[in-house]
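Reader: I have this model open at the bench and would like a close look at one part of it. Could you walk me through the nonpolar core and the sheet around it?

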Amino acid sequence: MIKVENLEAGMMILIEGRKKAVEVLTVDNFGNPDLYKIGHMGKGFNVTALPAGSTVTLAA
């Protein structure tokens, strides 16, 4: 498990509610320090918003 504040581009993570791992492309909290927008690549480019302090699972 890793906090969203520590995510970096290139990491493979499992986001809750998704079946497969996705590759992190961007991590942004500009404009709202309590909400992180994670840009990731799965079947296409998507953005998932996660609250600060939440955790995601690193994929093996």
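**The core and its sheet**

Author: Happily! The largest nonpolar core has 12 residues in all: I2, V4, L7, M11, I13, I15, V22, V24, Y36, I38, L50 and V56. Please keep in mind that this is a predicted model. The elements that give two or more residues to this core are β3 and β4. As general background, nonpolar side chains tend to be buried together in soluble globular proteins.

Now for the sheet itself. It is an open sheet of six strands with antiparallel pairing, and the order across it is β1-β6-β2-β3-β4-β5. At the edges stand β1 (2-3) and β5, each with a single partner strand, so one side of each is left without a neighbour in the sheet.

Let's begin with the two strands named for the core. Strand β3 covers residues 22-28 and strand β4 covers residues 35-41, and they pair in the antiparallel sense over five bridges. One pair to find on your screen is T26 with its bridge partner in β4, G39. Between β3 and β4 are six residues, and the two strands form a hairpin. In that turn, G31 has a positive phi of about 90 degrees.

V24, one of the core residues, is a good place to zoom in. Leaving out residues up to four places away in sequence, V24 touches E8, A9, G10, M11, I13, I38, G39 and H40. Of these contacts, M11, I13 and I38 are also listed in the core.

G39 leads us onward to the next strand. On that side, G39 stands opposite V47 in β5. Seven bridges join β4 to β5, and these strands run antiparallel. They too form a hairpin, here with three residues between them.

At the other edge, β1 is joined to β6 by two bridges, and the two run antiparallel. Here I2 stands opposite V56 in β6, and both I2 and V56 belong to the core.

One last stop is S54, in the loop between β5 (45-51) and β6 (55-58). S54 has a relative accessible area of 19%, and because the cut-off for buried is under 20%, S54 counts as buried. Leaving aside neighbours within four places in sequence, S54 is in contact with I2, K3 and V4. Among those contacts, I2 and V4 bring us back to the core where we started.

Notes: Residues numbered from 1 in each chain as written. Predicted model: local features only at pLDDT ≥ 70, side-chain atom pairs only at ≥ 80, totals over all residues. Heavy atoms only, no water. Helix = DSSP H or I, 4+ residues; strand = E, 2+ residues; numbered from the N terminus. Buried < 20%, exposed > 50% of the residue type's maximum accessible area, 1.4 Å probe, protein only. Contact = heavy atoms within 4.5 Å. Pairing = 2+ DSSP bridges. Core = buried A, V, L, I, M, F, W, Y, C linked by side-chain atoms within 4.5 Å.
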